[in-house]
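The following note sets out several points for consideration alongside the coordinates. Each point may be checked directly in the viewer.

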Amino acid sequence: MDSNILLELSNQYGCPIYVYDGNKIESQFARLSNAFAGVKHLRINYAVKALSNISILKLLKKSGSGLDTVSIQEVLLGLEAGFEPEKIMFTPNGVSMEEIEEVAKLGVHINIDNLSVLEQFGHKHPNIPVCIRINPHVMAGGNSNISVGHIDSKFGISIHQTPHILRIIENTKMTVNGIHMHTGSDILDIEVFLYASEILFETAKQFKDLEFIDFGSGFKVPYKAGDLETDIEELGEKLTTKFNAFCKDYGKELTLVFEPGKFLVSESGYFLAKVNVVKQTTSTVFAQIDSGFNHLIRPMFYNSYHHIENISNTEGKERYYSVVGYICETDTFANNRRIKEISEGDILCFRNAGAYCFSMASNYNSRYKPAEVLYYNNESYLIRKAETFKDLLKNQIIVEL
Ligand SMILES: *Cc1c(COP(=O)(O)O)cnc(C)c1O
């Protein structure tokens with residue numbers, strides 16, 4: 001998005017603020033669809049946890065997306081956005097049997113990731129078909145927190161336990177209509193992805209009633225100039241060939257499913273914050289913004305890189321800054337970063353602020369969560385108000401002692 005437009009929006013709506021470019025979300029959706037145009041039945045389920053604002057969900061629905069959800073609350077948000085329950089997949093990890101049954105009752109598709117729940121669910125609801133999350137034990141992903149396919153990962157049922165899964169199916173007479181993997185975020189190497197898919201195909205062969213295979217997500221997006229990203233077009237070409245060959249062997253046209261979060265929304269997001277203080281110390285120059293890890297935690301939590309620009313001064317000379325927040329704890333967004341000369345009151349823009357940014361925001365230091373704005377076809381829409389003091393008090397019960 002143009003920095004003049006972002007600056008205007010920061011004036012109009014106030015800072016700090018999240019802005020999402022709806023047209024970018026649509027173009028990413030189209031790009032992924034086009035890469036797999038050679039597959040007869042393709043389904044893209046947007047991973048709600050990346051960014052769960054209902055207006056964003058509605059926008060994705062307009063593109064033809066389904067949803068991937070990890071909590072009953074995300075399911076309810078999806079239904080609120082107008083998604084039919086059949087278009088929603090529930091892929092929880094470690095949630096209670098009650099929650100799974102409640103979601104199943106809503107008509108949402110269930111993805112089961114452990115043997116204990118599989119057995120209980122099969123005994124109680126043999127007529128509800130389920131999907132199974134497999135752990136193919138392929139190491140992938142950008143950070144140990146987001147890499148979920150390794151041997152001691154808590155996610156999925158190990159491929160080595162396939163005989164056990166088959167025994168449960170036989171005993172309970174339940175139907176498994178889908179098989180799934182999600183090995184982690186930020187997978188760069190297409191070969192790793194294809195290798196994991198081979199393992200999934202091998203496993204899939206052993207299930208007789210499949211309707212779909214879900215390859216999860218984990219596509220890497222660029223964070224700075226020159227960054228490598230998953231070559232979706234190349235992956236599309238190679239995986240399409242393998243998938244179509246598998247369907248031929250299997251004797252049925254299955255649906256290929258993906259459930260991307262980051263790929264669809266990361267680059268659409270801009271976080272805008274105002275510089276409160278420029279502080280020169282003996283070793284560095286700090287630019288302190290009116291925000292902190294209460295609004296954007298990824299740099300501190302995952303060591304993620306977010307490109308930062310000074311949109312109030314796009315012409316000046318560059319200097320080195322440490323960009324930090326106002327939280328009473330170390331909250332460094334960027335160290336020693338070259339940014340156009342910063343003055344107090346300038347607006348800094350953080351890129352790649354669409355995925356896992358607002359959705360991870362908190363009220364730490366009793367600060368308000370910021371507003372969200374959708375910019376779509378040259379119009380801006382406020383899609384969430386900034387919180388006020390009322391919101392902080394909302395659920396508190398004040399006792400007189
Ligand atoms: C988080 C998650 C995704 C989305 O991952 P991205 O890296 O954002 O694309 C997909 N599937 C499952 C099961 C997830 O937990």
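In which sense do strand E2 (residues 41-47) and E3 pair, and over how many bridges? The points below begin with that pairing.

1. The model is a predicted one. In it, E2 and E3 pair in the parallel sense, and three bridges connect them. Within this pairing, Tyr46 is the residue that stands opposite Leu67 in E3. The connection from E2 to E3 passes through helix H3 (residues 54-63), and the resulting β-α-β crossover is right-handed.

2. Strand E3 (residues 66-69) has Gly66 and Asp68 pointing one way, while Leu67 and Thr69 point the other way. Such a pattern is expected, because side chains in a regular strand alternate between the two faces of the sheet. All four residues of E3 are buried.

3. E3 also runs parallel to strand E4 (residues 88-90), to which three bridges join it. Here Leu67 stands opposite Ile88 in E4; Leu67 is thus a shared reference point, given that Tyr46 stands opposite Leu67 as well. Together with helix H4 (residues 72-80), E3 and E4 make a right-handed β-α-β unit.

4. Lys49 deserves attention, since the UniProt annotation "modified residue: N6-(pyridoxal phosphate)lysine", from an unreviewed entry, covers this residue. Lys49 is found in the loop between E2 and H3. Is Lys49 buried, exposed or partly exposed? Lys49 is partly exposed, because 17 other C-beta atoms lie within 10 Å, whereas a buried residue would need 20 or more and an exposed one 12 or fewer. Leaving aside residues up to four places away in sequence, Lys49 touches Val70, Glu74, Gly261 and Ser359.

5. A second annotated position is Cys328, where UniProt places the feature "active site", again in an unreviewed entry. Cys328 is found in the loop between strand E14 (318-324) and strand E15 (332-340). Cys328 is exposed, because its count of other C-beta atoms within 10 Å is 9.

6. The domain assignment gives domain 1 (52-260) and domain 2 (266-393). Their centres, taken over C-alpha atoms, are separated by 33 Å. Nine residues of domain 1 are in contact with twelve residues of domain 2. On the side of domain 1 that touches domain 2, the residues divide into three nonpolar, five polar and one charged.

7. Ile168 lies in helix H7 (residues 162-172). Why is Ile168 classed as buried? Ile168 is buried because 21 other C-beta atoms lie within 10 Å, and the threshold is 20 or more. Ile168 touches Leu115, Leu118, Glu119 and Gly122, when residues up to four places away in sequence are not counted. Ile168 and Ser116 are 52 residues apart in sequence, and their C-alpha atoms are 9.9 Å apart in space.

8. Strand E16 (residues 347-350) has Ile347 and Cys349 pointing one way and Leu348 and Phe350 the other way, and all are buried. E16 runs antiparallel to strand E11 (residues 269-280), with four bridges joining the two; in this pairing Phe271 stands opposite Phe350. E16 also pairs with strand E13 (residues 308-310) in the antiparallel sense over three bridges, and Asn310 stands opposite Leu348.

Key. Residues are numbered from 1 along each chain as its sequence is written. This is a predicted model: local features need pLDDT of at least 70, side-chain atom pairs count only at pLDDT 80 or more; totals for chains, interfaces and linings use all residues. Domain bounds come from an automatic or database domain assignment. Two residues are in contact if their C-beta atoms, placed from the backbone, lie within 7 Å. Ala, Val, Leu, Ile, Met, Phe, Trp, Tyr, Cys and Pro count as nonpolar, Asp, Glu, Lys and Arg as charged, and the others, Gly among them, as polar. UniProt positions are given in the numbering used here, feature names are shortened, and annotations may be inferred rather than shown by experiment. Two strands pair if DSSP finds at least two bridges between them. A crossover is right-handed if, with the strands pointing away from the viewer, the path from the first strand over the helix to the second runs clockwise.
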